[in-house]
Amino acid sequence: MAKKLYQEKQQFHDWFVIALLSLATVGLLYGAASVFWQPDVTVVYSIACLVLAAGIGYTIWWLLTSLRYKLKITDKKIKFQFKSITETSKKIAWDDIESCTLVKTPNSAKWQRPKATLTDEQFYSLDGRNGLMIETKDGGLYFIGCQNMEELQAALNSEDKIWEIIS
């Protein structure tokens, strides 16, 4: 039986993105309402603003709040599951890993990704660019997000010495 070292569950919680989309929704609703006070009313513009506001509201309510992420690390493998419109689940055995790096970024740069050097990277995170960068022996690159970086590093550098993480 595999010994569980670390487990984490995440839900989308970036309040800046939610606030920005909420402001856009309020602006579109104001744009739709302001048309009715003009002498020459164009209903098409008002309907378009209302449809866009409804679309952004739908995005905030359903798409962003339904995003779920689960990470489980044992002494035999790393397993993660990403639930959104489609569900992705992946298991990576420790024997299949070539290199493993702990990545910590400041809050101001947590959504930046190195597009020039790692174009084939598979990115699984709801907390930006904080987590594990894994390169497998077959050449696959995975970025697996994590919220509690200190606990993850302590679990991986424990007395079992499954993988030495250097940040």
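Strands S1 and S2 run antiparallel and are joined by seven bridges, and in this pairing Tyr6 has Ile73 of S2 as its bridge partner. The model is a predicted one, and its chain holds three helices and eight strands, which follow one another along the sequence in the pattern β-α-α-β-β-β-β-β-β-β-α. Of the 167 residues in the chain, 38% count as buried, while the accessible surface comes to about 10200 Å², with 59% of that area belonging to carbon and sulfur atoms. Among the contacts in the chain with a separation of 6 or more, 55% are made by residues 24 or more positions apart.

**The open sheet**

- Four strands, in the order S1-S2-S3-S4, make up an open sheet whose pairing is antiparallel.
- The edges of this sheet are formed by S1 and by strand S4 (87-93), each of which pairs on one side only, and the twist from one strand to the next averages 5°.
- Helix H3 packs on the sheet, where it touches S1 and S2, and the direction of H3 makes about 160° with that of S1.

**Helix H3 and its two sides**

- In helix H3 (residues 149-156), the buried residues are Met149, Leu152, Gln153, Ala155 and Leu156.
- Seen down the axis of H3, these buried residues fall within an arc of 160°, and they therefore line one face of the helix.
- The general geometry of an α-helix, with 3.6 residues a turn, is such that residues three or four places apart point the same way.
- Glu150 and Ala154, by contrast, are exposed and lie on the other side of H3.
- The strands against which the buried residues of H3 pack are S1 (4-11), S2 (68-74), S5 and S7.

**Strand S7 and its pairing partners**

- Strand S7 (residues 131-136) is mostly covered, since five of its six residues are buried.
- Strand S5 (residues 97-103) pairs with S7 in the antiparallel sense over six bridges, and within this pairing Cys100 stands opposite Ile134 of S7.
- Strand S8 (residues 141-145) also pairs with S7 in the antiparallel sense, here over five bridges, and Gly131 has Gly145 in S8 as its bridge partner.
- The hairpin of S7 and S8 has four residues between the strands, and in this hairpin Gly139 takes a positive phi near 95°.

**The largest nonpolar core**

- The largest nonpolar core comprises 34 residues, of which Ile73, Ile78, Phe80 and Leu132 touch the most other members.
- Helix H2 (residues 43-64) supplies the largest share of this core, namely five residues.
- When neighbours within four places in sequence are left aside, Ile73 is in contact with Lys3, Lys4, Leu5, Tyr6, Ile78, Trp94, Leu132, Leu152 and Leu156.
- This list for Ile73 includes Leu132, another of the residues that touch the most other core members, as well as Leu152 and Leu156, both of which belong to the buried residues of H3.
- Tyr6 likewise appears among the contacts of Ile73, and it is also the bridge partner of Ile73 in the pairing of S1 and S2.

**Two individual residues: Ile60 and Gln122**

- Ile60 is found in helix H2 and, at a relative accessibility of 15%, counts as buried because the cut-off for that class is under 20%.
- Beyond its neighbours within four places in sequence, Ile60 is in contact with Ile18, Leu21, Ser22, Thr25 and Thr65.
- Thr25, one of these contacts, is 35 residues from Ile60 along the chain, and the C-alpha atoms of the two are separated by 9.8 Å.
- Gln122 lies in strand S6 (residues 122-124) and has a relative accessible area of 34%, which makes this residue partly exposed, because the value falls between the 20% limit for buried and the 50% limit for exposed.
- Not counting residues up to four places away in sequence, Gln122 touches Leu141, Tyr142 and Phe143, and these three residues fall within the range of strand S8 (residues 141-145).
- The C-alpha atoms of Gln122 and Ile134 are separated by 9.8 Å, with the two residues 12 apart along the chain; Ile134 is the residue of S7 that stands opposite Cys100.

Notes:
Residues numbered from 1 in each chain as written. Predicted model: local features only at pLDDT ≥ 70, side-chain atom pairs only at ≥ 80, totals over all residues. Heavy atoms only, no water. Buried < 20%, exposed > 50% of the residue type's maximum accessible area, 1.4 Å probe, protein only. Pairing = 2+ DSSP bridges. Core = buried A, V, L, I, M, F, W, Y, C linked by side-chain atoms within 4.5 Å. Contact = heavy atoms within 4.5 Å. Areas by Shrake-Rupley, 256 points an atom, 1.4 Å probe, with all protein chains shown as cover. Arc of directions from axis to C-beta. Axes fitted to C-alpha atoms, helices over the stretch in contact; angles between N-to-C directions.
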